[in-house]
Amino acid sequence: MTHQVTALSNVNGKATGVEGILQNVAFILSTFTVCCPQREWSIRSDIRKLYQRMKKMNTKRLIECIQRFEPRAVVVEVDYLGDVYRGKLEPIVKVIINE
């Protein structure tokens with residue numbers, strides 16, 4: 001079964017099993033820092049190309065973090081919500097629980 005996870009908003013201190021694993025992934029997402037190389041910003045930069053590069057770079061880092069800190073969750077897909085022109089990316093991750 002695939003679970004969609006977004007950043008953590010509430011903590012359930014008694015979460016166990018699948019709920020606990022999903023909460024751990026959500027915690028990783030809520031503490032994840034999105035890298036945005038400022039040196040690449042200029043008037044001539046194509047903001048969409050920069051956005052795609054940031055997504056690719058951060059997706060790799062995000063998957064590595066989840067694999068390291070919550071190996072029971074297998075990442076199936078990473079997507080982002082956000083506004084390219086505001087520079088805000090919110091990761092949404094689909095995982096399969098491997099207990």
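How many bridges join S1 to S3? Four of them, and the two strands run antiparallel. Let me back up a bit before we go on. What you see is a predicted model, where local features need pLDDT of at least 70, side-chain atom pairs count only at pLDDT 80 or more, and totals for chains, interfaces and linings use all residues. Residues are numbered from 1 along each chain as its sequence is written, and side-chain values use heavy atoms, with hydrogens and water left out.

Okay, the names. Helices (H or I, at least four residues) and strands (E, at least two) are DSSP runs, numbered from the N terminus. Two strands pair if DSSP finds at least two bridges between them.

So, the sheet. It is open, with three strands in the order S1-S3-S2 and antiparallel pairing. S1 (2-5) and S2 stand at the edges with a single partner strand each, so one side of each has no neighbour in the sheet. On average, neighbouring strands here are turned by 20° against each other, direction ignored. For angles, axes are lines fitted to C-alpha atoms, for helices over the stretch in contact, and the angles run from 0 to 180 degrees between N-to-C directions.

S2 and S3 are joined by 10 bridges. If you want to find some pairs on screen, Tyr80 has Pro91 in S3 as its bridge partner, and Val74 stands opposite Ile96 in S3. Over on the S1 side, Gln4 is partnered with Lys94 in S3.

Now the helix. H2 covers residues 47-69, and at 1.5 Å a residue its 23 residues should span 33 Å (that is 1.5 Å times one less than the number of residues). Its end C-alpha atoms are 32 Å apart, which agrees. H2 lies across S2 and S3, at about 145° to S2.

Which residues of H2 are buried? They are Ile47, Leu50, Tyr51, Met54, Lys55, Asn58, Thr59, Leu62 and Ile66. Buried means under 20% relative accessible area, exposed means over 50%, and partly exposed is in between (1.4 Å probe, protein chains only). What covers them includes helix H1 (17-31), strand S2 (73-83) and strand S3 (88-97). And why look at the spacing? An α-helix has 3.6 residues a turn, so residues three or four places apart point the same way.

Next, the core. A nonpolar core is a set of buried Ala, Val, Leu, Ile, Met, Phe, Trp, Tyr and Cys residues joined through side-chain atoms within 4.5 Å. The largest one has 19 residues, and those with the most contacts inside it include Leu62, Ile66 and Val95. H1, H2, S2 and S3 each supply at least two residues, and H1 gives the most, with six.

Last, salt bridges: a side-chain nitrogen of Lys or Arg within 4 Å of a carboxyl oxygen of Asp or Glu. The whole structure has three.

In H2, Glu64 pairs with Lys60, closest N and O atoms 3.5 Å apart. They are four residues apart, so about one helical turn separates them. Lys60 is exposed at 56% relative accessibility.

Then Glu70 meets Arg72 at 2.8 Å, N to O. Glu70 is buried at 2%, while Arg72 is partly exposed at 37%.

Finally, Lys94 meets Glu77 at 3.9 Å, N to O. Lys94 lies in S3 and Glu77 in S2, so the pair ties together parts 17 residues apart in sequence. That's my tour, thanks!

Technical notes
Contact = heavy atoms within 4.5 Å.
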